[in-house]
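Open the structure in your viewer and keep the sequence alongside. The paragraphs below lead from a sheet to its helices and then to the cores.

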Amino acid sequence: MNTPPSPSGAEHTDRSSIRLGALVPLTRPGWVEAGRHLLAGLDLAVREVNDAGGIDGRPLELVVRDTAADPERAAAAVDELARLGVAAVVGEYHSVVARAAAARADALGVPFLCSSAVLDALTEEPTEWVARLAPAQSHGWQIYADFLLRAGRRRIAVATQPSVYWASGTRILRDHLAPRGGTVLELDATLTPEALCDALVDHGATALLLLVGHPEPAVPIVRAVRRDRRLAEILVGAPAGQPEFAEWAAALGEDGAGIPFLRYLPERLGPPGERVGKKLRERLGEAPSFVAFEGWDTVNVLAAVLRSHGTDRAAVAESWPRVAVEGTRGPIRFSRTPGISVWQWTWTPVQVVDRDPAEPDRFRILHAG
């Protein structure tokens, strides 16, 4: 497996460095833009730790591996990183990929702090080795379902592709909406956009949720719905967060605005978030997504753990319930949560936002959980 150059400049020969393995989607079919933001946050935090003297004088070294949204590749990367002696593994954006990485980390006894993936069952059985910053899918998607109900949208259609992640999301929506008078109709995303529009009309759907990949088939579906006069009143939503990134706006322009999605930021960032956000904007050349903040928070948490508990892997894993760190989006602590198999931050702030149709580069907060 090829290793991209370490952006933190940590691929040096200093054998006293403390290595952190980083799993990031950097090539297709992974969501490359999300990977770029995640890596920017991870790398900025590593640089700041090292500029402040490292961990007891030892620099952090970020050893990056590209998962390319491939679960098998991620599992193999965890094997390799374990052999390289990393103190812990961090990162990953795609839930199905993170699940494979978490299972391998658990089997090998390597601490894994998952930055961005949300699938509730990140491991089959409860584990002491894995902790997570992103909210569980059931938490965020129930908030999204509440937003739909408040907006008067009860006949929900989902365009979906085969995936554990999308199937889980559909189930969460159905279980939450059904007792409250909502219905969920599943539409196969392999339908032509025109046939999908016909099905929405036949069903009398008041909302269409895109539980699909980007740019395909999300972009052609959005274009078709926006151009179908029969669907002028339908709400198009993307709970998984596709419209967060500039790539979405570039592909869809005005058609990509007004599509509510989940993101994990407070209404207003505190001083740590403002400071980090400014630096991330300089690095990325654009506004940082919540994924970039997740990356920075991940390293910030691990740096605190390494300072207080050392680099022994078991000691790192045993520290999860004792973490108390100020992150960019609020105080971070991990706990055991019913139905969640890993140590979980409960909870990061959750918003439903969209791009303002009048100004697509501006986000509007529509609902907060």
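Helix and strand axes here are lines fitted to C-alpha atoms, for helices over the stretch in contact, and angles run from 0 to 180 degrees between N-to-C directions. Keep in mind that this is a predicted model.

Start with the sheet. It is open, has 4 strands in the order S7-S6-S8-S9, and its pairing is parallel. Strand S7 (183-188) and strand S9 (235-237) stand at the edges. Each has a single partner strand, so one side of each is left without a neighbour in the sheet. On average, neighbouring strands are turned by 25 degrees against each other, direction ignored.

Now look at one pairing. Strand S6 (residues 155-160) and S7 run parallel and are joined by 6 bridges. Ala 157 stands opposite Leu 185 in S7.

Two helices lie across these strands. Helix H6 (residues 193-203) crosses S6, S7 and strand S8 (207-211), and runs at about 160 degrees to S7. Helix H7 (residues 218-227) lies across S6, S8 and S9. Its direction is about 165 degrees to S8.

Zoom in on Ala 207, which lies in strand S8. Its relative accessible area is 0%; buried means under 20%, so Ala 207 counts as buried. Ala 207 and Ile 156 are 51 residues apart in sequence, yet their C-alpha atoms are 5.0 Å apart in space. Not counting residues up to four places away in sequence, Ala 207 touches Leu 148, Arg 153, Arg 155, Ile 156, Ala 157, Ile 234 and Leu 235.

Leu 148 leads on to helix H4, where it is one of the buried residues. H4 (residues 137-150) has 14 residues and reaches 20 Å from its first C-alpha to its last, close to the 20 Å expected at 1.5 Å a residue. Of the 14 residues of H4, 10 are buried, so the helix is largely enclosed by the rest of the structure. Among them are Trp 141, Ile 143, Tyr 144 and Phe 147. Gly 152 follows H4, with a positive phi near 80 degrees.

Finally, the cores. The largest nonpolar core has 77 residues. Leu 60, Leu 113, Trp 141, Val 301, Trp 320 and Phe 334 have the most contacts inside it. Helix H10 (residues 290-309) gives the most to this core, with 11 residues. Leaving aside neighbours within four places in sequence, the contacts of Trp 320 include Leu 113, Trp 129, Leu 302, Phe 334 and Trp 343. A second, separate core has 25 residues, including Ala 189, Leu 208, Leu 231 and Leu 252.

Note on methods:
Residues are numbered from 1 along each chain as its sequence is written. This is a predicted model: local features need pLDDT of at least 70, side-chain atom pairs count only at pLDDT 80 or more; totals for chains, interfaces and linings use all residues. Side-chain values use heavy atoms; hydrogens and water are left out. A nonpolar core is a set of buried Ala, Val, Leu, Ile, Met, Phe, Trp, Tyr and Cys residues joined through side-chain atoms within 4.5 Å. Buried means under 20% relative accessible area, exposed over 50%, partly exposed in between (1.4 Å probe, protein chains only). Contact means heavy atoms within 4.5 Å. Two strands pair if DSSP finds at least two bridges between them. The expected span of a helix is 1.5 Å times one less than its number of residues.
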